[in-house]
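Q: Please take a close look at one part of this structure and describe how that part is set into its surroundings. A single connected account would be preferred, with each term defined where it is used.

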Amino acid sequence: MESREILLLRQEMIRGGVLFYYCGYVTEKVLSAIGDTVMDKLELDNTERPVARGLFSLFVEQVQNIIRYSAENQEGCVDERPVDLRHGMLAVGRGAEGHYVLSANAIKRRDVERLRQGLDHIRGLDRMGLKAMHKEILKGQVPEGSKGAGVGFVDIARMASRGFEFDFLEIDQELSYFVLKAHL
């Protein structure tokens, strides 16, 4: 990448209101360090506490999705310790109407339709519907293919006061790029 391209990328992010940006491998340790940095940045910007807490919660959910589901990963052992690094991109920003948290990572193409249907369903629910779905999942009805409790997207929908949007872009025969932007 040329210096000029890097400068253009920086200018584009500033124009887009990006307050924080990260692209690379993500682990729980990275999540903790980045989370502290995001909170410090929001405090320095005098962001209202409820907004800062909401952004942080959205950020944590989206990073955990990358850690659990990114199909772009590198596995192995380091000093006999298993290591599974997952690659993704995160951004926290502010636009004319409010703040947002954006995440992006590669997923298996075979998961796209299931994920799209699940997200469309969640996005169509009102507050009471989201609350009911959250309760159902916590009672043990974990969605197929979920590696966690399965409440991550429901929690994102509940926290995103101005909703969320998503998209899938084909990378190759096996992978798609999943982009999720939650608005607060």
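A: What follows takes one helix as its subject and then turns to its surroundings.

This is a predicted model, in which local features need pLDDT of at least 70 and side-chain atom pairs count only at pLDDT 80 or more, while totals for chains, interfaces and linings use all residues. Residues are numbered from 1 along each chain as its sequence is written, and side-chain values use heavy atoms, with hydrogens and water left out.

The part chosen is helix 4, residues 112-123. Helices (H or I, at least four residues) and strands (E, at least two) are DSSP runs, numbered from the N terminus. The end C-alpha atoms of helix 4 are 16 Å apart, which agrees with the 16 Å that its 12 residues should span at 1.5 Å a residue; the expected span is 1.5 Å times one less than the number of residues.

Residues are classed by relative accessible area: buried means under 20%, exposed over 50%, and partly exposed in between (1.4 Å probe, protein chains only). By this criterion V112, L115, L119 and I122 are the buried residues of helix 4. Viewed down the helix axis, they fall within an arc of 100°, so they line one face of the helix. The arc is that of the directions from the helix axis to the C-beta atoms.

Helix 4 also contains a charged pair. E113 and R116 join their side chains in a salt bridge, 3.5 Å from N to O; a salt bridge is a side-chain nitrogen of Lys or Arg within 4 Å of a carboxyl oxygen of Asp or Glu. The two residues are 3 apart in helix 4, and therefore separated by about one helical turn. E113 is partly exposed at 43% relative accessibility, and R116 is likewise partly exposed, at 28%. The whole structure holds 8 salt bridges. One of these links R86 to D84, with the closest N and O atoms 2.9 Å apart; here R86 is buried at 11%, whereas D84 is partly exposed at 35%.

The buried residues of helix 4 pack against strand 4 (99-108), helix 5 (127-138), helix 6 (152-159), strand 5 (164-170) and strand 6 (175-183). I122 shows part of this packing in detail. Residues up to four places away in sequence aside, I122 touches L130, M133, F153, V154, A157 and F164, where contact means heavy atoms within 4.5 Å.

I122 is also among the residues with the most contacts inside the largest nonpolar core, together with F59, F153, F164 and F178. That core has 39 residues, and a nonpolar core is a set of buried Ala, Val, Leu, Ile, Met, Phe, Trp, Tyr and Cys residues joined through side-chain atoms within 4.5 Å. Helix 3 (residues 49-69) gives the most to this core, with 8 residues. A second, separate core of 5 residues includes M89, A91, Y100 and A104. In soluble globular proteins, nonpolar side chains tend to be buried together.

Among the neighbours of helix 4, helix 6 is mostly covered, with 6 of its 8 residues buried. These are G152, F153, V154, D155, I156 and A157. Their packing partners are helix 3, helix 4, helix 5, strand 5 and strand 6.

Helix 6 is also reached by a histidine of helix 5, namely H134. H134 is buried, with a relative accessible area of 14%. Its side chain makes a polar contact of 3.1 Å with that of D155. The side chain of R158 provides a further polar contact to H134, at 3.3 Å. A polar contact is a pair of N or O atoms within 3.5 Å; within protein, one must be able to donate a hydrogen and the other to accept it, and residues adjacent in sequence count only if both atoms are side-chain atoms. Apart from residues up to four places away in sequence, H134 touches V151, V154, D155 and R158.

Another histidine, H183, lies in strand 6. H183 is buried at 13% relative accessibility, and its side chain makes a polar contact of 2.6 Å with the side chain of E165. Neighbours within four places in sequence aside, H183 is in contact with H99, Y100, A160, S161, R162, G163, F164 and E165. F164 is thus a contact of H183 and also a contact of I122 in helix 4.
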